[in-house]
Structures are given as C-alpha cells and as structure tokens.
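Hi,

Here is the structure I promised you, with the sequence alongside. Have a look at it first, and then read on for what turned up.

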Amino acid sequence: MGAATTSARRRRAVPWLVLGLWIAVLALASPFASKLADVQHDRAVDYLPAGADSTQVAKIQDRLPGGEATEMVVVYHRDSGLTAADKATAAQQIERIAGAHQLTAAPQGVPSKDGTTLMYPVASTEPGTDEKARDALVNDVRDIAHGGDGLSVDVGGAGALQTDAAEVYNALGGPLLYTTAGVVALLLILIYRSPVLWLVPLAVAGLADYLSMGVAYGLNQAFGTAVTGASSGIMTILVFGAGTDYALLLVSRYREELRRIERPYDAMVAALKGCGPAVLASSGTVAAGLLCLLAADLNSSRGMGPLGTVGILCALVAMLTLLPAVLVLLGRRVFWPLVPRYGSAPKARRSLFAAMGSSAERRPRTVLAAGAVLLGALALGAFNLPGALKQEDSFTTKPDAVAAMETLARAYPEQGTRPLTVLARTDRADTVLAEVEDTPGVATAERGRSGDGWTEFSVVTTSAPQSAGETATIEALRDRLGDSLVGGASAQQIDLADTNARDRMIVVPLVLVSVLLILIALLRSVVAPLILVGAVVAVWGAALGIGGLVFGPVFGFEGTDPGLGLLSFVFLVALGVDYGIFLMHRMREESLKGSEPAAAALTALRTTGGVIASAGLVLAATFAVLTNMPLVSLVELGFVIAVGVLLDTFLVRTYLVTSAAVALRRKVWWPGALSREPEAPMPPPKEPEPVAVVTH
C-alpha cells in the first residue's frame, strides 16, 4: 500500500516539478533573450572569410582615422539626356550633403559619354563601425538627393547596399517567426485533427525558441560567436522544424502506449523509453553535423554551426521534458475528439505505407535501380545552376542601391563604377601607388587616409563590377603588390567564392565521417549507416539539380549563392539522417524481437511511415518559409532543403531504404550480431528403432 501511495505521489509531483523548473529557466533566460537583436550584425565583415585579404582590409579600415568608410554613389539620370537645370540641381544637392556630413573628399561629378547620367562618388567615415549611424547616413543622403519631373536619383555603392541588406535582415525576425509558427500550426491541426492538441507542441516550440535566443546571446558574450540575421533565422526554423518532428514522434508513441497503459504518467514513461533513444541519436547527429561548420573559414558559416546546434538542443530538451510534463498534466482529454481509450485497439486499415512496403518487398532490386536512376537524372540539373551571385542580384526585389548600380552599368560600360581599396604600408606608399597605376585594367588610383602604419588608396578599374575583366585586374594587383592588401566589394565576392570552395573540401568530409560514426555506434552496423549516408548524399545532389532547373528559368535568379552547396549539404545530410534513424531504429527493434529481416523492415515502415511523413512535411514547410524572404540566398537555401526533405521523406526513406533492407536481408546489419543467422536448435535424439524378433 505504501509503495503504491509513493508511486501515485511521484506521478502527480514530477510533471509539476518539471513545469516549475522550466518557468525558472525561462525567467533566467528572459533578460538575455531580449538582447540577442543587439548583438546581431550584418556588416560585410560578418559574412566574409576570416583569413581573406578583403576581410583584413575591412578590419584595418576600422583602425584608420575615422574608422571604416561608408562609400556611396549618387546617380542622376534622365533618359533623354541631363539638362543644365538637372546638373545644377545635382550640384546643389551634393553641396548640401557635403555640408551636412564629414566626407573624406569633395565629391567630383563624372558624366557619362552619352550625357544621360552623372555620378558623384561620396564617402564618409562619420559612422565608423556603427551600423545604425551608417544606415542613418545613407538614408539622410537619400532624403537630400531626390529627383522628379523625369529626373531619377538613386543612391548606390557598397554602403547603400549594406543598408538595404541590413533593412532586410532586421525585418526577418518577426515575419519569419510568425510565418513559421503559422505554417507549423496549420500542419499540426491537419495531422492531429484536434482543436487542442496542436497548441501544446507549438507552444513548447515557441518557449524553446525563446530559450535558444538567451543561450545564443550567452555564447556571443562568452566566446564571441558571430550572430547574423541569417544564422538567427535558421536557428528559429530549426527549433520549430526539428522540435515539431521530435514532438510528432513522441506524441505518436504516447498515443500508442495510452491504449496499453491506464495511467498517462506510466504511458509517457514507456513512450520516452521507446522513442527517446532515437530522438537523442537523431538530435546528436544533427548537432554533430552542424558543429562541423566550426571548421569553416567563412564567418557566417562558422557562426551558423553553434547557433544551429543551440536551436536543436533547446528543441530536444523542451520536447523530452516540458512537452511530456504538459501532456501528462492535461491527460487523455488533450487528444479530443480522437481520445485513445485504455484497452482499445486502433482501427485496422490499409495504410499507404503498407502498400508502399509491399511493392518494395515484391521487387526490391527493381525499386532500388529505378530510384537510383531518378535521383541521378535529377542531379544532372545541377549543371544548369546559374553562376556566382553578384551583389546587385542578391535581392528578390529591387532596392535603390540595385537600381543605381543598374543605371551605372548601362551608362558607364567602359569603366568601373565601384572603387577597389588597396592598403599599403605607409613607408612603401609611393612605390605601391606607382605599381597600382602601372597595372593593366586600372583607370585611376587616388591616395586616401593614412594611419596605424597603413595608407589607403581608392582604385577604379576599366571594367564593370564583378566582370571577368575586373576579376583579372584584382588578381593582377594581388600578384604585383606583395604584402599590400586589395579589398572592396568586388574583392570580397572573389574571396567568398574561393573560401566556400575551400570550406567544402574540409567541412563535407568532416560531416560525413561524424554522422557515419554516430550511426555505426547507434545501429551496431556498418552497412546500414553507409546506406543511410549514401541516400542523403544522393538526395542532396537531386535537390540541387531541381534547383538548377528552376532558379533561372522559373524564379529568374541571375546567380547562385556561393555558400548554397555547403550549407544545403550540411543541413540535408544532418536532418535527412534523422528520418533514417527513426526508421532503422524501429527496424532494429523488430529484428531484436525475432522478426525476419523483410518482416522487420515492413513493420518499421508501417509503424513509422506516417510519423516520418508528417515530420518531413513540417520540416519541409518550415524551410519553405525562407522562399518568401526578400534575399536570393535565403530563397535558394530554403528551396533546396525543402525539396530535399520531401524527396528524402517520400522516396528515399519509404522506398529506397526499405528496398535495400529487404534486398540485403541480414547483411544490412553486418558485422553486428543481427547479421548472423540464428543457430538452429539441436534436434532431439531419436529413439532407437525397435528390433523385430523372429521366432521359429
């Protein structure tokens, strides 16, 4: 009687204790979570490779008198040709800008040969490294420089581009969170068909996201982890996407246990024991894959690793502690109107996944071959991906800075309109200036500021920005100038492409090895992990191929973000293996119960197929939210990951992995104990044959 009373008290106390602990943790995290936006930076240096020349230029500029310069170009244009009144208006407005702000030099107008355009390069060290002051400067220049009556005036240049990009990133937080939450809520309502149940995992995911913001701020303060608009947005998506996946798996198992076990507390304990190892392994795999991004040289990629890991771990802790506690406290009624009654059995019906499993069982090798051919054919589309994304093509809409750059490209086809920055040691400044002016492709070179042992030069090339000619000039300058540094917006794009190629060579093998080792430890097999990893790599190639088929022809994108290949690989491999773990873990569980390999594979598909499909839809939908963002890089990343998750969920997990398991039978668990045929029991000894006695 005493033991029963103690057990009953524990069942009542534990959920309330967990709830109380979460309230305390969230109260502690609240002051830090609200400060995350304050440490979010979206300057060019926050997205540049740590060791590149252009990054060093940006850092040294911070130490020069006045700090980093904000460079702009004010562009006056009239299609029929600028009038004398237009030129007078331009001169007056530029004079007002110079009077209102501390400029590095008096702006000089540069007319186009066709007489339609007049550009004034404007640079100021007034804001230094203060992003808000930079944005205020750019916006004030835009307020002063205005046209009308056929005269168009746009403000472009690197500083204006950064301001337009920052405006986009600053606007991501709210819409991204609300849209993600709305998409998840809609899918949960459709999946659970309950007016109440969907609220629980959604609310828990929201609290996990709030906790992750506090932890991310702590990482920034303790270790200087970079926080950008992209990385914080991805963190939110991972919390809601992966967290909801874990919730779907847990709730499905909990519903199953409620039919067998009378008390909700005991049913939840059984559910956690049943699916907990798979959830822990899957989250560990995702975290390990994301942490491999720490080996990247690109600042934005390296910062995304820890923040993504924080999102995954906060979602994991919330879904394995807070969600069970709330579900137990609410009892069976939370499932209304489809309440799982104790002792009842689910309605027997022919499921889609049972039918898919049957076709895989009949012709496993045919299914495997057809799937491999399909994925391979889709992957060929990657050859159609557009070239490297230029800065002016990085927005889905056309902000003022892009409009200015397009006007400049048409009006000044014979010269560069975006200066390069060369930094030379002050004691070699005269020599370097002469070498710069003597370099093929250089139109003009002007001495700028000096300080901290460095002298700055502004260099204009004879080629359009980010063209092959300008790239050749930048490479020639770097070859000739030795220890001098070449930076600026165009040099940054070259360094981004080079560093992304380097990062792929390092991070991709690290991700594959780390994920493979975790799977081998979990599944006690080498063959099964190789199948899972090979499958997700094939999915990544196919998803990129589909991107190549639609980015240019359908979406009208002019380029591909240099980081798309690496980031999509890390996310698709890490997240895709999640579903493989759910499936293979259940398959191993059935095999340990004595089921034959084919039966174990089909049972695993039948029991987990619905959950995996629901989880895949949720995860794909959360990443698809990125396709509504105004930055091409985020649209491309969201599209490739969403398509990859859907391919993985409805083709690879259901058909190909199941078919491989059926075809390989026990070999799928090699070299583990499950790969060996069970020893047949020794036959009982035969009774001796009776000997017939013949009598005469």
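Let's start with helix α4 (residues 131-144), which lies across β1 (70-77), β3 and β4 and runs at about 15° to β1. Helix α13 (residues 400-411) also packs on this sheet, where it touches β1, β3 and β4. The direction of α13 makes about 105° with that of β4. Before you go further, please keep in mind that this is a predicted model.

The sheet under those helices is an open one, with 4 strands in the order β2-β3-β1-β4 and antiparallel pairing. Which strands stand at the edges? They are β2 (110-111) and β4 (152-156). Each of these has a single partner strand, so one side of each is left without a neighbour in the sheet. At the β2 end, the pairing with strand β3 (residues 117-124) is antiparallel and runs over 2 bridges. If you want a spot to check by eye, look for Val-110, which stands opposite Met-119 in β3.

Now to a single side chain that I liked. Gln-93 belongs to helix α3 (residues 84-100). Is Gln-93 buried or exposed? Its relative accessible area is 5%, and the cut-off for buried is under 20%, so Gln-93 counts as buried. What does its side chain pair with? There is a polar contact of 2.8 Å between the side chains of Gln-93 and Tyr-76. Leaving aside residues up to four places away in sequence, Gln-93 touches Tyr-76, Ile-144, Ala-145 and His-146.

On to the other sheet. This one is open as well, built from 4 strands in the order β6-β7-β5-β8, and the pairing is antiparallel. Its edge strands are β6 and β8 (485-487), each of which pairs on one side only. On average, neighbouring strands of this sheet are turned by 25° against each other, direction ignored. Helix α2 (residues 53-63) lies across β5 (420-425), β6, β7 and β8, and its run makes about 95° with β8.

Within that sheet, the β6/β7 pair deserves a look. Strand β6 (residues 442-451) and strand β7 (residues 454-461) are paired in the antiparallel sense over 7 bridges. They form a hairpin with 2 residues between them, and Asp-452 in the turn has a positive phi of about 55°. To trace the register, take Ser-450, which stands opposite Thr-455 in β7, and then Ala-445, whose bridge partner in β7 is Val-459.

Also in strand β7 is Val-460. With a relative accessibility of 18%, Val-460 counts as buried, since the limit is under 20%. How far apart are Val-460 and Arg-418 in sequence and in space? They are separated by 42 residues in sequence, while their C-alpha atoms are 6.9 Å apart.

For helix packing, try α8 and α10. The axes of helix α8 (residues 229-258) and helix α10 (residues 299-330) come within 8 Å and cross at roughly 30°. The crossing of α8 past α10 is right-handed. What kinds of residue make up this contact? The split is 22 nonpolar, 6 polar and no charged.

Helix α8 also holds Asp-245, which is buried with a relative accessible area of 1%. Not counting residues up to four places away in sequence, Asp-245 touches Tyr-579, Ala-615, Val-618 and Leu-619. I'd put Asp-245 on your list of places to open up in the viewer.

Last, the overall picture. The protein chain has 20 helices and 8 strands. Its C-alpha trace spans about 140 × 65 × 50 Å along the principal axes. Of the 696 residues in the chain, 56% are buried. Among contacts between residues at least 6 apart in sequence, 80% join residues at least 24 apart.

Tell me what you make of it when you have had a look.

Cheers

Terms used
Residues are numbered from 1 along each chain as its sequence is written. This is a predicted model: local features need pLDDT of at least 70, side-chain atom pairs count only at pLDDT 80 or more; totals for chains, interfaces and linings use all residues. Side-chain values use heavy atoms; hydrogens and water are left out. Axes are lines fitted to C-alpha atoms, for helices over the stretch in contact, and angles run from 0 to 180 degrees between N-to-C directions. A crossing is left-handed if the near helix is turned anticlockwise from the far one by less than a right angle, and right-handed if clockwise. Ala, Val, Leu, Ile, Met, Phe, Trp, Tyr, Cys and Pro count as nonpolar, Asp, Glu, Lys and Arg as charged, and the others, Gly among them, as polar. Buried means under 20% relative accessible area, exposed over 50%, partly exposed in between (1.4 Å probe, protein chains only). A polar contact is a pair of N or O atoms within 3.5 Å; within protein, one must be able to donate a hydrogen and the other to accept it, and residues adjacent in sequence count only if both atoms are side-chain atoms. Contact means heavy atoms within 4.5 Å. Two strands pair if DSSP finds at least two bridges between them.
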